[in-house]
2 protein chains.
Amino acid sequence: MARCGRHRYMQGDFMKDVERNAPKVEARTVKGCQDLLPEDMIPRKKVVRAIEDVFERYGFLPIETPALEHLETLLGAGGEETNKELFRLESPEGDPIALRFDMTVPFARLLAQYPDKLKTPFRRYACGPVWRADKPGPGRFRQFTQFDIDAAGSESAAVDAEIIAIMAEVMQAVGIGDFVVLVNNRKVVDALLYGHNVRCPARHKHVLRVIDKLAKVGIENVRLELGEGRMDESGDPIPGVKLDKETIDGLLSFLAIQADTRHGIVEAMRAALPPGEQTDAAMAEMDELASNLDALGVDEKHAVFAPSLARGLDYYTGPVFETILPNAPEFGSVMGGGRYNQLVARFLEEPIPCTGMSVGLDRLMAALRYLGVVPEEKTIVEALVMTLGNVPVSEAMRVAAELRGNGICAEVYFGAKRSLKAQLSHADRFGIPVAVILGEDELAQGMVSVKDLMAGKQQRADISDHDTYRKAGKATQVTVPNTILIDTVRNLLEHDRGQSE
Amino acid sequence: MARCGRHRYMQGDFMKDVERNAPKVEARTVKGCQDLLPEDMIPRKKVVRAIEDVFERYGFLPIETPALEHLETLLGAGGEETNKELFRLESPEGDPIALRFDMTVPFARLLAQYPDKLKTPFRRYACGPVWRADKPGPGRFRQFTQFDIDAAGSESAAVDAEIIAIMAEVMQAVGIGDFVVLVNNRKVVDALLYGHNVRCPARHKHVLRVIDKLAKVGIENVRLELGEGRMDESGDPIPGVKLDKETIDGLLSFLAIQADTRHGIVEAMRAALPPGEQTDAAMAEMDELASNLDALGVDEKHAVFAPSLARGLDYYTGPVFETILPNAPEFGSVMGGGRYNQLVARFLEEPIPCTGMSVGLDRLMAALRYLGVVPEEKTIVEALVMTLGNVPVSEAMRVAAELRGNGICAEVYFGAKRSLKAQLSHADRFGIPVAVILGEDELAQGMVSVKDLMAGKQQRADISDHDTYRKAGKATQVTVPNTILIDTVRNLLEHDRGQSE
């Protein structure tokens, strides 16, 4: 039986009748999932390729893993919340399996499963759907796409610097100039809290949770929550961490550290942290990060050390990264990541140090659209071949074959309505730039008409008078000998491209 | 919470201990699924792009639908067998959903769901995983990839001709010169059987099943099965269709029709079929197919009308297509399709005529590998940057940034072992063509060493003597000023590319 197989439909006339008379199935998308139509996919594919090019230039290799994983591979890898959000099912053998909820756990599995083929150091990229059965909302899907890179086998912060450099290059590659990759380090925060005698894990976590609210609730509310607590807007009490004033002042002044350069911030952090082994280790790592970001040519404004960045700090073991778009803050982080040296230890005795980051492709596309960075495109078709009167369709085929043979994307019009108007409106609906029109008379003379639909559109944009409108449309049409058809179409396409750039 | 989010791992030190001490999870792939490592993915991505280019040149637009569909969307669309093979699960709301088993049913759903945005004529391509919970075997997966095109909105056989032309171009684009797209037509077979008074649907199907075995069991066994039946090799009886001798002779002589051209086969078929309306309609369609295949420039040897092709004939409503590779027959059909005018009627009162085909990507990749058409490539990295002695890693970063800025894919070596040998063996394992080596002395003089690893490999292939081996290796290494590093690397890469072509 064919695996490419399409041989299971419409079992003869019997099935035809069944289909005709059966009650209709409602055509609807599963909740939280999205259908990507050409207008979504065309810019999306360009963005994916641009990102892929960056990843490959940094030496990351493509990998793909299946959507389904053994439940035990996934369970616990992401904590309680993720356990609940798994789409679970059963294999035909009755084994519990589930749809992957991210790309990182499968990557860790691969490292453990193919120690020879994926000998470290190893770096890979992977782009694909992941599933989480949580509550969908605007821009929040149950199936969404992650585009990840991860580097395994090195503890060096220089590799983290490369990840940050890639994040900056990705932003530029997709056309976003105004962005900041915020960088913090779990080790810095540990040294800070340890130095201030916040050593119990539960309290440590509570402090991080409060700091993470800084941008949302403001410094004064954070101060209250680090101390005795406060009332929220509805009057409900928010319990505090109950730190003393001196500790709170110490923490808040650390979070407020700013400087013009990454090295400057490291110096200020070093001065503010209590001396000791932990501080030395954390500062050495931040120094290494800063030096390597400089060596990689990452602009100071594009990667900023941010002592107040607390997101993910309870999960990562070293540097953490997060991207913000100052012109589209409501989209939150479109990329994020960090160092995780323990995940592979789920599978192997010897843990493999890893660092990486994930692009949230759906969110990035939404942000690009919001920022107007992605041009609207509904088609990749460059020329629509139309026939008028009794011109046989095989003539259109011949012309289309010639266009395609010369690298021009050509569609032959095959709609039920065959009027010139219907054919032009099909081209218009998708924004196809050029029409190649085959008429009987022209054909007999070895001629063909070529119409610049983009220019026609522009010229007629301000015309309301019918006759002038028709004339303006005609002005963008030329009738040329077959022999120069390709050149004529190419010139128009180049001209249109020039206009839109 | 971040959708790009990776913030769920290793909840602090507590989690670290859990990971360290917890029993290890066995790293294994779900049965019937496959992990695609770089050596699989690199050629695969090239093949996908080559196919995509062909699809786009014919004016097909990209679309993506979710992996999950409502169960009712899928149930019955593929017949009983497919119903049983669905991976079923439940949405968080308790709705029955399932993983899609092909790309055609979701396409039909889209056409019904977005009548305005996807106004016909509409043609799309889609590439993605599909799932079938059947028995996996060699080259037969439970998750596999289909790469489909479908054109909706026209009954014209000219569109079927375009699909066939695309199949031929796809084969050539991926480097297969020796292939045949076999073409038959449900209407021809209907006319044949109707003319021979085989009119009961069950018998009709039985005949098709027997004809489908032709290549496998040979003409004499088919003759027996069309008649009284026969014994199989184990001695079990195979019941026959019980046609009379005259009918059998008529059918078999029709199946044996051959000619040098597609038009020639149509003429021979017309002569052999009983006269009547059905024959006229079938022949008109085959004529149109033949004329348009000629107009599209499809070589006679690449698309052949095959009256004996019976696969899929009980599912399709018009032309059917199937590809065979004479040099790799064991891979069966790597592409297949046909016209299906009834599928959208599951969702809509008014059916939308469709035709299309599907590339079985996994099977195609296996065939390409078998045919030796795809060069083995384990990396896209062009230059590995290595450091010796106490050269700081930031120097490697600076050099890598320069290489990347000039469009060269560069990896900085970050393995635990830092000897020259370990670094070169990493390059060797992946087949990285060029090493850029930063030594302390060279660095002080503004110099850098560049080593041609491909040439080194070739030169040393036949040397067993240790000293000669070392010397030969040295001969492929040059030390150049930093200023001409990029040119030096580029020259080597171009030279290597020239060698491998």
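What turn and what shift along the axis lay chain A on chain B? A turn of 180 degrees and a shift of 0.0 Å along the axis do it, with an RMSD of 0.0 Å; the superposition is by least squares on the C-alpha atoms of residues with pLDDT of at least 70 in both copies. The two copies are thus related as by a two-fold rotation axis. Within chain A, Leu89(A) has the C-alpha nearest that axis, 2.8 Å from it. Both copies use the same surface, since 99% of the contact residues of chain A recur in chain B, where contact means heavy atoms within 4.5 Å.

Please note that this is a predicted model, in which local features need pLDDT of at least 70. Residues are numbered from 1 along each chain as its sequence is written, and chains are lettered from A in the order in which they are written.

Now to the domains of chain A, whose bounds come from an automatic or database domain assignment:

| Domain of chain A | Residues |
|---|---|
| domain 1 | 35–176 + 332–378 |
| domain 2 | 180–324 |
| domain 3 | 383–500 |

The centres of domain 1 and domain 3 of chain A, taken over C-alpha atoms, are 43 Å apart.

Let's finish with a helix pair. Helix H7 (residues 186–195) and helix H13 (residues 277–295) of chain A have axes that come within 9 Å and cross at roughly 155 degrees. That makes H7(A) roughly antiparallel to H13(A), a term for angles over 145 degrees. Among the residues that meet are Val188(A) and Tyr194(A) in H7(A), and Ala282(A) and Met286(A) in H13(A).

Key:
Predicted model: local features only at pLDDT ≥ 70, side-chain atom pairs only at ≥ 80, totals over all residues. Heavy atoms only, no water. Axes fitted to C-alpha atoms, helices over the stretch in contact; angles between N-to-C directions. Helix = DSSP H or I, 4+ residues; strand = E, 2+ residues; numbered from the N terminus. Parallel < 35°, antiparallel > 145°, perpendicular 65-115°, else oblique.
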